Amino acid sequence: MGALLVQLADFRTRCDARVHKWLGRPRRPSGARRRTGHEHEQLFRTLIEHSPDFIARYNRRCEVVYANPAMRQIPGGGGFRLALAAEVGTPAGQLDYEDCIRVTLRATSARESEFQYDGPDGDVRWAAVRFVPEPGEGGRSETVLAVGRDITDIVHYREKVRQLAFFDPLTDLPNRAWLKDRLPAALAYADAGRRQIGLLVLDLDSFKEVNDVLGHACGDQLLRAVSMRLLQGKRGDDAVVRLGGDEFAILAPVHDDDLDLAIIASRILMALAEPVVIDGSEVFMTASIGISRYPRDGSDAATLLRYADSAMYAAKRIGGNQFCFHDPATTRAAVERMELGTALHGAAHAGELVLLYQPIVDLGGAGLVGAEALLRWNHPVRGLLTPDIFIKVAEDNGTIVEIGDWVLAAACEAVVRWNAGRAVPMRISVNVSGRQFVMNDLARSVQAALAASGCAPQWLTLEITESLLLENDQNVGRTLDELNEMGVAIAIDGFGTGYSAISYLGHFPISTLKIDRSFVRDIDARGKNLALVKAMISMAESLGLDVVAEGVETQQQADVLASLACHRAQGYLFGRPMPEVQFVPYAQSGKVL
Ligand code: C2E
Ligand code: MG
C-alpha cells in the first residue's frame with residue numbers, strides 16, 4: 001500500500017486539474033436557471049469533499065490521483081488492509097486492496113469487496129468498496145474509481161446474527177447448526193490431508209437428576225463447567241460443540257489410528273470424573289461417548305452424526321461412563337490396546353520382558369557370528385506376546401523409551417556373558433524404534449548400557465528402519481554420527497521394503513543392510529526377487545556395506561545366497577528365536593558350522 005499513500009503536498013493541484021474530468025461532463029439542467037460550468041464544478045466538488053463515503057481514483061500504476069477528505073482521514077492516507085470476499089473472519093478469498101485495483105483495471109465491469117482499516121482511535125473498522133473501471137479513449141481502463149462506505153456497524157451486526165445462529169449462548173460453544181454447516185468442509189479438509197476425522201458425541205449420564213434435584217440454575221452451571229473441561233482438554237485442532245441439552249460433540253482430526261480417538265475419549269471421561277463444585281457442594285458427573293470415523297464409518301455428516309449417536313447410546317446401555325465406537329470390534333480392539341498400554345508401564349520393572357536370540361551365521365563357513373535380540377512380553381494374563389502386538393502401543397504411549405533401555409541393557413549383558421573367554425567375539429543386534437531417537441537421547445542410553453555391562457561397542461549393532469532415515473530429522477543424523485564415533489554399528493532392517501530413496505545410504509554412517517525376508521522367500525524360484533537381491537548385494541558391496549539376508553528357511557535359499565556372495569544370513573534354517581538357556585548350548589555346539 002506504500003505506493004498508494006496520498007502525496008498530500010501535490011494532491012490538491014492534481015485534484016483540481018482532474019476533478020472536472022473525474023466527475024464527467026455535467027448534463028445541462030433543463031430548469032429555468034442555467035448553472036455555469038464553474039457552479040457545477042463547485043457543486044460536485046462540495047458534494048464529494050463533504051461526502052462521508054471514501055472516494056478515490058487510481059491510475060494504471062495504482063497510484064492515487066485523487067482522494068476525498070474522508071479517504072485521506074484513514075491512517076496511511078487511503079489504505080485499506082484486506083479485502084474479504086465473503087464472511088468476516090474467513091481467511092479464504094483474501095485479496096489485497098492493491099490487487100483489487102489491478103483486477104479492476106483488467107476488467108470491464110465493477111467489483112465490490114470488503115476491507116478492514118484502522119479507525120481514528122486505532123480500532124478496526126470495515127468498509128465496503130466498489131471499484132469501477134474507467135475506460136480511456138483506446139477502450140482500455142486508464143483509471144479505477146473506488147467508492148467505499150464504512151460498514152463497521154453492519155459487520156458487527158452480521159457477526160452478532162452469526163453468533164446467535166451458530167453459537168450456544170449458555171456455553172459460548174458452537175452449536176449443532178455450526179457443526180452441520182462446518183462438517184462438510186472439515187471432511188473435505190481431511191480428504192486433502194489424507195487424514196481421518198473422528199466425531200465424538202458425548203452425553204452426560206445423569207444430568208436429568210441434577211436438573212430435577214438441584215434446579216435449572218445448577219444444571220446450567222454444570223453444563224458450563226463441562227464445556228470448560230472439554231475446552232481445556234481438547235487438542236489444538238479439535239472443535240467442541242454443544243449439540244443441545246446435555247449433549248456435546250468433539251470433532252477430532254486424527255492421523256491413522258483409532259487409538260488416538262480412544263485416548264481422546266478416555267481423557268474426556270477422566271477430566272469429567274473430577275467433581276464439579278456447585279454452590280459449595282460437589283457434583284459428580286459421568287458421560288457416555290459414541291465415536292464414528294470419517295471416512296471409514298460414513299462419508300457424509302448426517303451418517304457420521306447418526307452413527308456416533310447410536311454408539312453413544314450403546315455406551316449408555318452398558319452402564320455409561322465409557323466410550324464406544326460405531327463398530328463394536330473397533331471398541332474392543334481400542335480398549336484392549338489401551339489396557340495393554342497401561343500394563344506396559346512398569347512391565348520392564350516387573351520382570352515381564354524377555355529377550356529371545358536368533359542366530360546370525362556366516363554363509364562362507366565361519367559359523368555363528370552373532371544373534372539378533374527379539375523382544376517378548378510375558379503378559380501376566382495373556383502369556384507370551386510378540387512385538388507386533390505391543391511395540392506400536394509402546395511407541396504411542398511413550399513406554400518404548402523405558403522398554404528400549406531395558407532391551408539395550410539386557411542385550412549388552414548377554415553378549416558380555418557369551419564373549420567371556422571366546423577367541424572371536426560374537427555381535428548382538430538390537431532393534432531400536434524411531435521413537436527412541438525422538439523421545440530420548442539414544443546415544444546416551446547406549447553409552448549407559450555399554451558402560452554398565454562392560455560390553456565393547458564393536459559387539460553391538462543397532463537395527464533401524466529405512467523410514468527413520470527418510471524423515472530427514474537432524475537429530476537422527478546427529479545421533480547416528482555419535483553412535484558411529486562410539487564404534488557401534490548401524491544396520492538397516494527390512495531393507496528394500498516400501499521405499500525407493502536409497503540416496504540416504506550415502507548420508508548416514510550405515511554399516512549393514514538386512515535384506516527383508518520378502519525378497520528371500522522365493523529367491524530359489526529364480527524369479528524377479530533373485531535379480532533384486534543380486535542388485536542389493538552388488539550395491540552393498542560397492543558401498544562397502546555388509547549384507548545379512550533375513551528369513552532364510554531352506555538350504556536352497558542359503559545356497560543361492562552363498563552363490564551371490566551374500567556372506568551373512570538369519571532365519572529358521574539356522575535357528576528360531578530362542579531363550580538364552582537354549583542359545584548358549586547352541587552357540588557352543590558349533591551346530592551351524
Ligand atoms: P525384525 O527385526 O525384522 O525381526 C525379525 C523377525 O522375523 C522376528 O519376528 C523373527 O522371529 C522373524 N523371523 C526370523 N527368521 C524368520 C524366518 O525364517 N521366517 C519367518 N517367517 N520369520 C522369521 P519377531 O520376533 O516377531 O519380531 C518382529 C519385529 O518386532 C522385529 O522385526 C522388530 O522390528 C520388532 N522388534 C523385535 N524386538 C524388538 C525390540 O526389542 N525393540 C523394537 N523396537 N522392536 C523390536
Ligand atoms: Mg531386526
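**Aromatic pairs, cysteines and backbone exceptions**

Phe583 counts as buried because its relative accessibility is 0%, below the 20% cut-off. This residue belongs to a predicted model. Tyr586 is buried as well, with a relative accessible area of 8%. Both residues lie in helix α22, which spans residues 580-589. They are 3 residues apart, about one turn of the helix.

The count of aromatic pairs comes to 11. One of them joins Tyr58 and Tyr97. Their ring centres are 6.0 Å apart, and the planes meet at 80°. The pair is therefore edge-to-face, since the angle is over 60 degrees. It links distant parts of the chain. Tyr58 sits in strand β1 (residues 54-58), and Tyr97 sits in helix α4 (residues 97-106). The two are 39 residues apart. Tyr58 and Tyr97 are both buried. Phe583 and Tyr586 also form an aromatic pair. Here the centres are 6.1 Å apart, with 20° between the planes. This pair is stacked, because the angle is under 30 degrees.

Some aromatic residues group together. Tyr58, Tyr97, Phe115 and Phe131 make up one aromatic cluster. A ring can also lie beneath a charge, as at Tyr572. The charged end of Arg576 sits over the ring of Tyr572, 3.8 Å from the ring centre.

Cysteines were examined next. A disulfide is a covalent bond between the sulfur atoms of two cysteines. The model has 0 disulfides. How far is the sulfur of Cys412 from the closest cysteine sulfur? The distance is 4.2 Å, to the sulfur of Cys455. That is too far for a bond, because a disulfide needs the two sulfur atoms within 2.5 Å. Cys412 is buried, with a relative accessible area of 0%. Cys62 is buried too, at 1%.

The backbone was considered last. Most residues other than glycine have a negative phi, and most peptide bonds are trans. The bond from Tyr294 to Pro295 is cis, with omega near 5°. Pro295 lies in the loop between β13 (287-294) and α10 (301-317). Asp172 is not a glycine, yet it has a positive phi of about 65°. Asp172 is found in the loop between α5 (152-166) and α6 (176-192). It counts as exposed because its relative accessibility is 54%, over the 50% cut-off. Asn321 also has a positive phi, near 55°. Asn321 is in the loop between α10 and β14 (323-325). At 40% relative accessibility, Asn321 counts as partly exposed.

Conventions
Residues are numbered from 1 along each chain as its sequence is written. Chains are lettered from A and ligands numbered from 1 in the order in which they are written. This is a predicted model: local features need pLDDT of at least 70, side-chain atom pairs count only at pLDDT 80 or more; totals for chains, interfaces and linings use all residues. Side-chain values use heavy atoms; hydrogens and water are left out. Rings of Phe, Tyr and Trp (its six-membered ring) pair if their centres lie within 6.5 Å; planes under 30 degrees apart count as stacked, over 60 as edge-to-face and the rest as tilted. Helices (H or I, at least four residues) and strands (E, at least two) are DSSP runs, numbered from the N terminus. Buried means under 20% relative accessible area, exposed over 50%, partly exposed in between (1.4 Å probe, protein chains only). A charge sits over a ring if NZ of Lys or CZ of Arg is within 6 Å of the ring centre and within 35 degrees of the ring normal.
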